[in-house]
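Please open the structure in your viewer and keep the selection tool at hand. The tour below proceeds stop by stop, stating at each one what to select and what is found there.

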Amino acid sequence: MPERFPKTPEDTRRTRRTWTGGALVLALVLSLRAFAGTECAAVWGDGRALVDVTVRDLVGRDFERLLKLGLAGNLRLDVTLFRVRAFWLDEAKGRSRHTFSLSYSKKTGHYSLGERPVADPSVLALPRFSVSVEGNPDQARYRVEVHARLQVVTPDGLQQVVSWGSDDSAPGPILAALAEGLVREESAHCNVEPKKP
Amino acid sequence: MSSLVPLPLLLLLVTPAAAGSGPPAMEDEQEETVTPWPGVHISFHASRLSRCREAEALRASLGQTLGAVAAAQGAPSAFVSVRLSGLSTLSETQIWSLLGEEASLPRDADAAARLMCRLAATGVFGEVTPSVSADPDGGATAVLELALHEYPRVVRASVSGSVEASGEELLEAALEEPDDDEEDEEGCTCQVSTPPRDWLAFRGDGALHPGLLRDGLPAVLQRAMRHLRGKGYLLASVSASVVEGTLTFQVDEGKLAGVDVTGVAPELQAQVTELLALKVGAPFLEEDFRAGVHRVQARFPFLEADDDVERPGFDVVPESGTPGTSYRVVLRARKSKRNEPTLSQGRLQVHFHFRRGGFDAAGADRDGYSGLLTHTQVTSFAPGMRANAAVYDPQDRFRLALQGSLSVNTGSPDHRVDGMVGASGQVSALHLEELGFQAYSMTDSDDRWRVSDLDSSFGSLFLNQPEREYFRREGVSGFASASVAERILLGFEYRDDQYGSLAPAQHFFSFFNNSGPAANPAIDDGRMASAIFRLEASTRVLKPTAVALQWRSPTTALYADFKGWALDEELDSFASTLSTFEVGGPAWGGDSDLRFTRFLNEDVAQLKTFEDQAVRLRLRFVAGHNVPLQKSEALGGWGSLRGYDFKEFPGDASAMGTLEYRYEFATAFADLGTVHQPGGWLSPKLGVGVSVGYRDILQLAAAWRTDSSARAMPEMRLVILPPF
């Protein structure tokens, strides 16, 4: 069967460009993963796991600059409660999702997470929330897995910039892909402990 | 002989609140007026430091006093010294050392007022009461005497009553160190001297350090409340007392007495309450409510509610009969804005607003793709727009979705415009996910399972590698699908279409390979009518979306999720399956030479092994009889058999398996596939490769073929939004 796309010098140049683009993608991915830290603590309370999460260093200097320019960040927390099983994969017994908007007020000079003032955006102490157990919790060990995802540049935010002089108000696919690339993520996990005294 | 100067007017009581450094008695800012002695009024904000104003009032009062002393005794207008009294745990030396001043320095009214302010601002005195006496050594000169009343000293602490909140954390917060933000920012003359930590009670290293209660018991309660509310316990209340050096907290996190939902049809009340998932009888947490509202809105997009609960106000009031040693928090309801969620008497009232419909001019699909940048070898650049509209029923008996799309094919004069209109209804009582139709005249492809729309367009626009072949399809379709237990979908679709071959675009442009449009073979033209039976199932909940209206292909799932690590989801374990059976011919209304059958099965399973790591397995099998060219099977290329050329292995049946291991942003994969040709099954072909990138959004992939034509240089592609 004949080749539909025979190899030409143009193909070689194309391959080089693809490598360069790929290296940039990889560098972006690696840089976004660096230096973030999330802490999680969970205790039992009345048949539900109470989870406290502190997200550290997810807002870097670049994101701070974007926030101060007026873009709002979207912090999303996906939480899963697992029942630990020996010699087998842990069983997911409950899930919850929490979203917070992170913004900066030029008027007051302060950051806020939802309605809460934030003194230092590099330390985001989130309000306590609960994850209920499907069924009744037994004596097994339980653990909580937390995934934090901060997106400062949303497709809509990019569209806001790109649409100057244009009537198009929809965030297109390129913008969505670009915005998805500008995301910082971090995971943490902790055991569900008995309530502290 | 010393003589006491009778100055009954000078009975100035300086409390920290009057000096502006003390704890606010109320949570809210309130203007209060005190009358320290007749003729002098001091106004202050209870919740805000305003030492300047109080210093001014003190200065004026002390100036009056010194003037009176001077007039009566003929003495100069200054206090020759200051005496401190009333100290119980601290010494005079410690106080003067903290302030950095001396007792025996002459002070005019300004300096005396500043000194009193500074004493009050230390946060260790509940009262600073001045009086004036004649200097026993200096005859007619005046001495300022300050009676100091220390806040209670605490040597033990206990917390009781808490169900969920940690007593240790509460104590730590209530006895926390002074916050610099609380300092006066008005540039007052009243300089604040922070007392050494050793003087104060605090919690450190898991134990209580004995000391004075900074700012007094009401301030300690304020800090305890701030801690509980910071955690989200909006119904919490606390009381505290200090008896014989023991600080005792009684905590009530505030149990939810009930939830009142309004603005929702009675038929949906139970579901909405269940989605809110607020446990009556358990302590109320603000964030649980917010997450619950978001769950409701995800399930019922026509219900809108404010997710910020109006916080009840609170006052710190002394317990009757125990002045100064026992206080408690009293909650008070606030007047809420219209339809704002409120907490009253332990009950949560939440109001939802019904939205009749919605309109989305972008018409973006599940991948956020709106069709704006379509580029193919038969249309060249084909900018287009989609629009979605939705109509809702308050009782959610049905949902109506309308969709339309229009695009302009810049490189195809024969078919300049593509268009589609469709409508679909969802009837929850019948578990009917869709019942609708569409009419279209458009450029279509049977290769949508290989790469995403966006990937194909980018590949065509930049590299002239669309990884698809296209044809013209004009006609109408009707369809109906029902779900079982939200995880199985059974569907039927009838199509009556006129098919036509499409020549490569006459005016074609591609950025980095503009050597003419990619090949687009001819198809079997004619009228094709067929019926498609569909079965989809997934361990994930099927997601009904309007996207199902647009590109309905027998080779891709409409509802079941095949994404390994999608844009908006966590990496998890799942399994999904898709089976379609299509039969066409004259019995259904089509041409007699377009009589065919085709069966397709595709299964994807993903097993999360560790955090951000997973194994993925994909199996795909297709077989048919007399399948027309536009639906014929072929393996090879991105999305099918990676490392090989696009559709390198045609046949009337194919079988393919893919195994991948994903480690965070890196993936290793192997594709194995074979096709059935007239001579029998081809020997299996293996392609291997690796990719790096962000989830299943953007991946740089390199793939090698392993047959006799293998090369060291891999095939490479930036893969955008891979379909599986």
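**First stop: a helix pair in chain B**

The model is predicted. Select residues 266–276 and 286–299 of chain B, which are helices α7(B) and α8(B); their axes approach within 7 Å and cross at roughly 135°. This angle makes α7(B) oblique to α8(B). To display the contact, show the side chains of Q271(B), V272(B), L275(B) and L276(B) on α7(B), together with D288(B), G292(B), V293(B), R295(B), V296(B) and R299(B) on α8(B). Sorted by class, the contact of α7(B) with α8(B) comprises five nonpolar, two polar and three charged residues.

**Second stop: a second helix pair for comparison**

Next select helix α3(B), residues 92–99, and helix α4(B), residues 109–121. Their axes come within 11 Å and cross at roughly 105°. Angles from 65 to 115 degrees count as roughly perpendicular, and α3(B) and α4(B) are therefore described in that way. On α3(B), display I95(B), W96(B), L98(B) and L99(B); these meet L115(B), R118(B) and L119(B) of α4(B). The contact of α3(B) with α4(B) has six nonpolar residues, no polar residues and one charged residue.

**Third stop: the five-stranded sheet**

Which strands make up the open sheet of chain B, and in what order? Colour β7, β12, β11, β16 and β15 of chain B, which lie in the order β7-β12-β11-β16-β15 with mixed pairing. The edges are taken by β7 (156–160) and β15 (313–318) of chain B; each has a single partner strand, so one side of each has no neighbour in the sheet. From one strand to the next, the twist averages 15°.

At the β7(B) edge, select residues 246–252 of chain B, strand β12(B), which runs parallel to β7(B) and is joined to β7(B) by five bridges. Within this pair, V159(B) lies opposite F249(B) of β12(B). Now add residues 216–231 of chain B: this is helix α6(B), which packs on the sheet and touches β11 (237–243), β12, β15 and β16 (326–332) of chain B. The direction of α6(B) makes about 145° with that of β11(B).

**Fourth stop: two residues with positive phi**

Select E244(B), which lies in the loop between β11 and β12 of chain B. E244(B) is not a glycine, yet its phi is positive, at about 50°. Is E244(B) buried or exposed? With a relative accessible area of 75%, E244(B) is exposed.

Then move to E467(B), in the loop between α9 (453–463) and β27 (471–484) of chain B. The phi of E467(B) is likewise positive, near 60°, in a residue other than glycine. The surroundings deserve attention here: E467(B) has a relative accessibility of 6% and counts as buried.

**Fifth stop: strand β30 and its two partners**

Select residues 574–584 of chain B, strand β30(B). Eight of the eleven residues of β30(B) are buried, which leaves the strand mostly covered. Add strand β29(B), residues 526–538, which pairs with β30(B) in the antiparallel sense over nine bridges. In this pairing, L535(B) faces S579(B) of β30(B). Then add strand β31(B), residues 596–610, which is antiparallel to β30(B) and joined to it by eleven bridges. Here F574(B) is set opposite Q606(B) of β31(B).

**Sixth stop: the chains as wholes**

Zoom out and select chain B in its entirety. Chain B contains nine helices and 40 strands. Of its 724 residues, 53% count as buried. Among contacts in chain B with a separation of 6 or more, 64% come from residues 24 or more positions apart. Chain B exposes about 29200 Å², and carbon and sulfur atoms supply 57% of this area.

Finally, select chain A. How many helices and strands does chain A have? There are four helices and ten strands, and along the sequence they follow the pattern α-β-β-α-β-β-β-β-β-β-β-α-α-β. Chain A has 197 residues, of which 47% count as buried. Residues 24 or more positions apart account for 69% of the chain A contacts with a separation of 6 or more. The accessible surface of chain A is about 10300 Å², with 55% belonging to carbon and sulfur atoms.

Technical notes:
Residues numbered from 1 in each chain as written. Chains lettered and ligands numbered in written order. Predicted model: local features only at pLDDT ≥ 70, side-chain atom pairs only at ≥ 80, totals over all residues. Heavy atoms only, no water. Axes fitted to C-alpha atoms, helices over the stretch in contact; angles between N-to-C directions. Parallel < 35°, antiparallel > 145°, perpendicular 65-115°, else oblique. Contact = heavy atoms within 4.5 Å. Nonpolar A, V, L, I, M, F, W, Y, C, P; charged D, E, K, R; others polar. Buried < 20%, exposed > 50% of the residue type's maximum accessible area, 1.4 Å probe, protein only. Areas by Shrake-Rupley, 256 points an atom, 1.4 Å probe, with all protein chains shown as cover. Pairing = 2+ DSSP bridges.
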